[in-house]
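Trainee: I am new to this one. Could we go through the labels and ask what stands behind each?
Mentor: Gladly. Let us look first.

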Amino acid sequence: MKCRKCGGKAVINMRQHKLALCKVHYLEWIPEQTERAIHKYRMFTHDERVLVAVSGGKDSLALWDVLLRLGYQADGLYIGLGIDGNIGYSDASYEKVRKFVNARPGVHLEVVDVEQAYGASIPVAADHTQRGKGRPCSVCGLTKRHIMNRVARDGGYDVLATGHNLDDEAAVLFGNTLHWQLGYLARQGPVLPASHEGLARKAKPFCRLYERETAAYALLAGIDYIYDECPYAVGATSIYHKELLNQLEAERPGAKLQFYLNFLRAREQGAFGAVEKEVELLTCPTCGQPTTVKGQCAFCRMWERVRERIGAAPV
Ligand code: SF4
Ligand code: ZN
């Protein structure tokens, strides 16, 4: 297989794009595609400050690398969840992030350790809440969203960027479609505007790139990342949906991309307009972040209860 651009030996063949590229041209192609998505969906500009949520995995580190290569003002945010499993997941992922930062003098990384900041690790907090019984993902998601917003707001960032790729987005879309969750469908997109003061704009610059493509980029760019998934991801419905979509993709290259792009087109044409109603947002008296309920937000209520139950000091 030959590189379409130079005729050299191709390292990747993307059947869905009918495109094979060598290492040099692939390492150019991914930033070009990312830049296109950033412009097309008006995610952010070179004058804005971007906070990239990094987990130590391929997508987030590759995204940070690409944004830096493209000359964006991109800082990183790592959230220490305190998840061990039998692989020491959080420690191992933090090590990868540190390695990335050490290899790039001058880049800035914000670090928030959940246990230090709020009194318990994610698994411990989950054990002490109704929401987390059996699986800590709901506690984890709520906590990560809160921290990302807080760091973005306190640090004066214009936008929060995450490494969600096409496989992630298509799997979420598939799940939302199976259950016809119109509210979620209306809000799913490459960019989510800051709808309230204290909420950062969210952007997913890799949303049109296959997972296989971001993995290949990380590998070819020499980025060392954590291969293992979080131990709590095992058995997640989203992984099952990804497998189903992969089966479809194997038979019909490009099906995943078309599924997602056609959805975006329908969304743009107002297919979900009727359900996109304004939700009145109030301000949490404890943390100052927006909330849909009166009084404390779900994050503050949950963490206060956790600290009471484990006898930790209030923060
Ligand atoms: Fe958090 Fe792990 Fe669940 Fe992801 S899989 S939400 S990192 S606990
Ligand atoms: Zn709050």
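Trainee: Why is Val 24 called exposed?
Mentor: This is a predicted model, so every value comes from predicted coordinates. Val 24 has a relative accessibility of 52%. Exposed means over 50%. The value passes that mark, so Val 24 counts as exposed. The residue lies in helix H1. Its C-alpha is 11 Å from that of Ile 12, and the two are 12 residues apart in sequence.

Trainee: What makes Arg 42 stand out in its phi angle?
Mentor: Phi of Arg 42 is near 45°. That is a positive value in a residue other than glycine. Arg 42 sits in the loop between helix H1 (23-40) and strand E3 (49-53). At 73% relative accessibility, Arg 42 is exposed, because the cut-off is over 50%.

Trainee: Which phi does Trp 180 have, and where does the residue lie?
Mentor: Trp 180 has a positive phi of about 45°, and it is not a glycine. Its place is the loop between helix H7 (166-178) and helix H8 (182-187). With 56% relative accessibility, Trp 180 counts as exposed too.

Trainee: Why does Cys 137 count as partly exposed?
Mentor: Its relative accessibility is 37%. Buried means under 20% and exposed means over 50%. The value falls in between, so Cys 137 is partly exposed. Cys 137 lies in helix H6 (residues 137-154). From Cys 137 to Trp 180 it is 22 Å, C-alpha to C-alpha, and 43 residues in sequence.

Trainee: What surrounds ligand 1?
Mentor: Cys 137 is one of the residues around ligand 1. The others are Leu 81, Ile 83, Cys 140, Lys 144, Cys 230, Tyr 232 and Ala 233.

Trainee: How does that shell divide by residue type?
Mentor: Seven are nonpolar, none is polar and one is charged. Lys counts as charged, while Cys and Tyr count as nonpolar.

Trainee: What makes the site of the zinc ion (ligand 2) tetrahedral?
Mentor: The four donor atoms subtend angles of 105 to 113°. Four donors count as tetrahedral if all angles lie between 85 and 135 degrees. These angles fit, so the arrangement is tetrahedral. The donors are the SG atoms of Cys 284, Cys 287, Cys 297 and Cys 300, at 2.3 Å. Along the chain they follow the spacing C-x2-C-x9-C-x2-C. Cys 287 is in the loop between strand E9 (282-283) and strand E10 (290-291), and Cys 297 is in the loop between E10 and helix H12 (298-310). These two are 10 residues apart.

Trainee: Is Cys 297 buried or exposed?
Mentor: Buried, because its relative accessibility is 6% and the limit is under 20%.

Trainee: Why is Gly 288 put in another class, and which one?
Mentor: Gly 288 has 30% relative accessibility, so it counts as partly exposed. Gly 288 is found in the loop between E9 and E10. Gly 288 and Leu 173 are 31 Å apart, C-alpha to C-alpha, and 115 residues apart in sequence.

Trainee: What lines the second largest pocket?
Mentor: The lining has 13 residues. Gln 16, Tyr 210, Arg 212, Glu 249 and Lys 256 lie nearest the pocket's centre. Helix H9 (211-220) and helix H10 (237-251) each give two or more residues to the lining. The lining divides into three nonpolar, three polar and seven charged. The volume of this pocket is about 210 Å³.

Conventions:
Residues numbered from 1 in each chain as written. Chains lettered and ligands numbered in written order. Predicted model: local features only at pLDDT ≥ 70, side-chain atom pairs only at ≥ 80, totals over all residues. Heavy atoms only, no water. Near = heavy atom within 4 Å. 1 Å grid on protein atoms, 1.4 Å probe; cavity = no way out; pocket = protein on both sides within 12 Å on 5 of 7 lines; lining within 4 Å. Points joined across faces, edges and corners; volume = space filled by probe spheres on them. Helix = DSSP H or I, 4+ residues; strand = E, 2+ residues; numbered from the N terminus. Donors = N, O, S within 2.8 Å, 3.2 Å for Na, K, Ca; no water. Tetrahedral: all angles 85-135°; square planar, octahedral: opposite > 155°, others 65-115°. Buried < 20%, exposed > 50% of the residue type's maximum accessible area, 1.4 Å probe, protein only.
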